[in-house]
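Grab a coffee and work through a few short exercises on the structure below. Try each task before you read its solution.

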Amino acid sequence: MTEAATQATAREGGVVEGWTGRLFEDFTPGDIYYHPFGKTVTEADNQSFTLMTQNVAKTHVDRNFAKATEFGLPLVNSTLTLALVTGQSTIDLSMNVFANMGWDEVRMPNPVYEGDTIYSRSKVLSVRESKSRPNLGLVTVATEGFNQDSKIVISYRRTFMVYRQGHLPGVESARPDESTLPSVGDFQ
């Protein structure tokens, strides 16, 4: 029996809490996070986001117009790309955010097309305590989004305030009694 199997057998089962995100003290300058989720951007994503935000640029919603441009295809709305990559980074960076302070130096060196799959990564650039809010800290990261061909499609710096250890607001959530779950032995 392997050591991992022995440990698993020795451990009694029970509630295992899910990932709850990082707090200020968990960030170290130089750390790089490859965010775990990719997203293939569909025509529906691009059309919906563009129309919802009342962006009237034809290159996002008019395939015939886009065909006449140097790109030859509709371009994905750049603010959709920004929102997507920021969202992808949330699991590693800002699940416990108090506030976003800003996005700086946003650059889009390559276009995003419908059908591209976008991935992202971030590097922690700096951390500092908040002078005005002792329960928070400020974190600055550099984030890049890249496509399935490893081409960088967006880069930016982002600063956000995140809770410090011991200061995250607690929320009690309702949980049903675990007795309704089947016993482990029922399925061996």
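The exercises below look at a predicted model, one residue at a time.

**Exercise 1.** Work out whether Glu 114 is buried or exposed, and which side chains it makes polar contacts with.

*Solution.* Start with the location: Glu 114 sits in the loop between β3 and β4. Next, check the cover. Its relative accessible area is 18%, and buried means under 20%, so Glu 114 counts as buried. Now look for partners. Its side chain has a polar contact of 2.8 Å with the side chain of Arg 63, and another of 3.1 Å with that of Asn 46. Beyond four places in sequence, Glu 114 also touches other residues, including Val 41, His 60 and Pro 74.

**Exercise 2.** Find the side chain that makes a polar contact with the side chain of Ser 120, and say how covered Ser 120 is.

*Solution.* First, place the residue: Ser 120 belongs to strand β4. Then take its relative accessibility, 1%; with the buried limit at under 20%, Ser 120 is buried. The polar partner is Gln 88, side chain to side chain, at 3.0 Å. Leaving out neighbours within four places, the contacts of Ser 120 include Tyr 33, Tyr 34, Val 85 and Phe 146.

**Exercise 3.** Decide which class of exposure Met 108 falls in, and which residues make a nonpolar surface patch with it.

*Solution.* Met 108 lies in the loop between β3 (97-107) and β4 (117-129). Its relative accessible area is 36%, which falls between 20% and 50%, so Met 108 is partly exposed. Together with Trp 103 and Val 106, Met 108 makes a nonpolar surface patch of about 240 Å².

Note on methods
Residues are numbered from 1 along each chain as its sequence is written. This is a predicted model: local features need pLDDT of at least 70, side-chain atom pairs count only at pLDDT 80 or more; totals for chains, interfaces and linings use all residues. Side-chain values use heavy atoms; hydrogens and water are left out. Patches are made of residues with over 30% relative accessible area and no salt bridge: like charges are joined within 9 Å, nonpolar side chains (Val, Leu, Ile, Met, Phe, Trp, Tyr) within 5 Å. Accessible areas come from the Shrake-Rupley method with a 1.4 Å probe; for residues, only the protein chains shown count as cover. A salt bridge is a side-chain nitrogen of Lys or Arg within 4 Å of a carboxyl oxygen of Asp or Glu. Helices (H or I, at least four residues) and strands (E, at least two) are DSSP runs, numbered from the N terminus. Buried means under 20% relative accessible area, exposed over 50%, partly exposed in between (1.4 Å probe, protein chains only). A polar contact is a pair of N or O atoms within 3.5 Å; within protein, one must be able to donate a hydrogen and the other to accept it, and residues adjacent in sequence count only if both atoms are side-chain atoms. Contact means heavy atoms within 4.5 Å.
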